[in-house]
Amino acid sequence: MTDAGTTPTAAPAVTPAIDGWFTTGEAPALVASRCTTCESVFFPPTEGFCRNPACEGEAFEATELSRRGTVWSYTDAQYQPPPPYIPAADPYVPFALAAVELPEGIVVLGQLADGYGVGDVRVGTEVEVVVETLYTDESGERTIWRWKPVTELGQEVDQ
Amino acid sequence: VSRDVAVLGVGMHPWGKWGRSFVSYGVHAARAALADSGVAWEDVDFVVGGETVRNGYGGYVAGATFAQALGWNGARVATSYAACATGAQALDTARARILAGLCDVALVVGADTTPKGFLAPNAGERWDDPDWLRFRLLGMTNPGYFALYARRRMDLYGATQADFAEVKVKNARHGLHNPNARYRKEVSAEDVLNSSVVSDPLHLLDICATSDGAAAVVLTSMDYARRHGLRQGGRGPVRVRAVSTVTPTFPNTVIDMPLLSTDPSSSEPVETLTFKESIGAAAYEEAGIDPGDVSLAEVYDLSTALELDWIEDLALCKRGEAEHLLRAGDTTVGGRIPVNPSGGLACFGEAVPAQALAQVCEVTWQLRGQAEGRQVEDARVGITANQGLFGHGSSVILSV
C-alpha cells in the first residue's frame, strides 16, 4: 500500500474505490462484461455463468460501455447516508444521483458530478461518465464514476 | 379441484416502537389469530415463521422460535425469508402443504423489531454484495430508490408533490380508527409539503417509518373449515384464491433496490410486463379473477408515490392514470376502488417479515365486514401487493 506520508515529494495516490468497474484518464468509461456466447452485456462486471436464461455461456470479455446516456430518473441525498457510505466532507454536503440509460440497454446508477443537482437534469437529459473523488482515506483519494450533464450549466437558459 | 384454502383466523400485535423482543409480538399475534379462528394451538400441525434478520439466531429460525414460545406441540415447522415479501412466501409454504394434503391447520407468523432511521446493511465489508456496495459506492439509500420512481412519475405523467401529499392525507384518514396502526392522526397536505425533503422529490412524510409489529394467520383446508364451520357467517370463510411469489423474467429492465443497474434489454426481446406488473398478473391468473372484480387493494406504500405505481401495476387503472383516481377520490374508502383502507405503511411503518401478513389480515377483516371505521362497503375480493429485495414478488388475492 502507498504511504504518501513518508515521501513528501510523491503525489498522493489516486485509485478507484473499486477495481475494474471503470477506466480513468481523459475519456473514462464503465467496464462491463460481455458474454462471448450471446453478447449480453452486464454491469457491474461479472464472471461465471451468463444470466441470460437462454444462454449457456460461461466466458466473458471486458468491454467499455458507451460514455454517454440519457437520464432515466434522478434524485438526491439530503441526509447523510448510513455506513458503509463514507462522507467526503464534514459537515456533510448533499449530492445528487441519476439512473442513466445507456445505448447498450442497461440502466446504471451513479452520483451526479460535483456541483450538479436535481435542478440540472430531467428525464431524458444527456449525460456522460466522469471520474471524481468519492472520499479520501489512509490510502489516498478513492475515485468513482459519476454522471455529468453534457449541456453545461447555464446553456439551457435560452431554451 | 378447488385450490382454495380457508383463512380461519387473523391477528396482529399493534405496530409501534415497543422496545421488546420480536418473539413477544409474534406470540401475541399468534394467540390472537388462534382465538379468532376458534382452533386450539394443539390442533395446529404446521407452523411457518417469517424470518427476521436483525434479531439473532432466534430470528433466523423464526418458525421454531414461535413454536417453542407457544409451547412445543410437535407440529412440523418452516421458516421463510423473502425480504418484504416474507409473509407471502410463508403463506404460500403453508398453503402448499395444506393443498398437498400433508396438513390441515397451519399457523403463519411474522414479527419484527426494527432500528431507527434508514435501514442500513448488516456490518462488515462485503465487496460482492450489491446491498453493501450501493451504500459504499453511491450513498444510495432505500428512499433514494423510491425517489427515482417518484420523479419519473412526475416527469412522465405530470404527477406533483401535492399528489403524493394527498396519498398521505388519505391513508392517514384511513388509519385513524385502526387499532393496530402506529400513527392515528390526521395529516394535512401542508404537513407533508412542509416536512424536510429526504430524497428529492420525496418529503419525510412521504416515506414510511420502520416499526415493531406482528401479524399471524391461521390457514386450513376448505374441508377442515367446513367440518369446524366456526362462526364464519352466511358467506363461509374468507378464502385464499391466489398467492403470487413470482420472480422477474430476464431482462429485468426497471432498476430494483438494491441493485446498481438493470439487465441489458438489447439481447432479448423485452417482456411486455414489468416485474411489478407480472406480480399482480400472476395472482389474477391463478385466482381466475379480473382486476375489474377487485373491491379493495392493500399495496406497499413504502412511499406515497409508490402507492400510485402499484395501482397501475395491479391493472386497477391504465399507466399514468393513478393520480386521476386519487384526485377523484376513487381510492378513498367510499370510492370506487379503495386503496390501503388499513392506512397502509403510512400509518403502520414497515415491520418487514410481518407486513405482507398484515395486508392479509386487513383484507380478511374487510371481507368479513369487521373493519370498523374504515369498512369498504360490500367488499367481496381483495388483493395485496408488495415486492421484496432481490426479486421477490408478493401478491395475495382473497375472496368470500
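Let's start with helix α7 of chain B, which covers residues 161-175. Helices here are DSSP runs of H or I with at least four residues, strands are DSSP runs of E with at least two, and both are numbered from the N terminus. The 15 residues of α7(B) reach 21 Å from the first C-alpha to the last, close to the 21 Å expected at 1.5 Å a residue. That expected span is 1.5 Å times one less than the number of residues.

Before going on, a word about what you're looking at: this is a predicted model, where local features need pLDDT of at least 70 and side-chain atom pairs count only at pLDDT 80 or more, while totals for chains, interfaces and linings use all residues. Residues are numbered from 1 along each chain as its sequence is written, chains are lettered from A and ligands numbered from 1 in the order in which they are written, and side-chain values use heavy atoms, with hydrogens and water left out.

Back to α7(B). How many of its 15 residues are buried? It's 11, so the helix is largely enclosed by the rest of the structure. Buried means under 20% relative accessible area, exposed means over 50%, and partly exposed is in between (1.4 Å probe, protein chains only). Among the buried ones are Phe164(B), Val167(B), Val169(B) and His174(B). The buried residues of α7(B) pack against several elements of chain B, including α6 (142-157), α8 (189-194) and α11 (304-313). Take α6(B) next: 13 of its 16 residues are buried, so to speak mostly covered. Its end C-alpha atoms are 23 Å apart, which agrees with the 22 Å that 16 residues should span at 1.5 Å a residue. After α6(B) comes Gly158(B), with a positive phi near 80°.

His174(B) also leads us to another spot, since it is in contact with Arg374(B). Contact means heavy atoms within 4.5 Å. You'll find Arg374(B) in the loop between α14 (352-368) and β10 (381-388) of chain B. Is Arg374(B) buried or exposed? At 5% relative accessibility, it counts as buried. Leaving aside neighbours within four places in sequence, the contacts of Arg374(B) also include Pro179(B), Val333(B) and Trp365(B). Its side chain makes a polar contact with the side chain of Glu362(B), at 2.9 Å. A polar contact is a pair of N or O atoms within 3.5 Å; within protein, one must be able to donate a hydrogen and the other to accept it, and residues adjacent in sequence count only if both atoms are side-chain atoms.

Now for the charged pairs. A search of the whole structure finds 33 salt bridges over all chains, each being a side-chain nitrogen of Lys or Arg within 4 Å of a carboxyl oxygen of Asp or Glu. In chain B, Lys276(B) forms one with Asp313(B), with the closest N and O atoms 3.0 Å apart. This pair links distant parts of the chain: Lys276(B) is in helix α10 (residues 275-287), Asp313(B) is in helix α11, and they are 37 residues apart. Lys276(B) is buried at 16% relative accessibility, and Asp313(B) is buried at 7%. Asp313(B) also meets Arg319(B) in a salt bridge (2.8 Å, N to O), and Arg319(B) is partly exposed at 35%. These three residues belong to a network of salt bridges that also includes Arg153(B) and Glu323(B).

Let's move to chain A. It has 0 helices and 9 strands, and 46% of its 159 residues count as buried. One salt bridge here joins the side chains of Glu128(A) and Arg68(A) (2.9 Å, N to O). Glu128(A) lies in strand β8 (residues 126-137) and Arg68(A) in strand β5, so the pair ties together parts that are 60 residues apart in sequence.

Strand β5 (residues 68-77) of chain A also holds Asp76(A), which counts as buried at 9% relative accessibility. Asp76(A) and Leu97(A) are 21 residues apart in sequence, yet their C-alpha atoms are 5.4 Å apart in space. Which residues of chain B does Asp76(A) touch? They are Val198(B), Ser199(B) and Asp200(B). The side chain of Asp76(A) reaches the backbone nitrogen of Asp200(B) at 2.8 Å.
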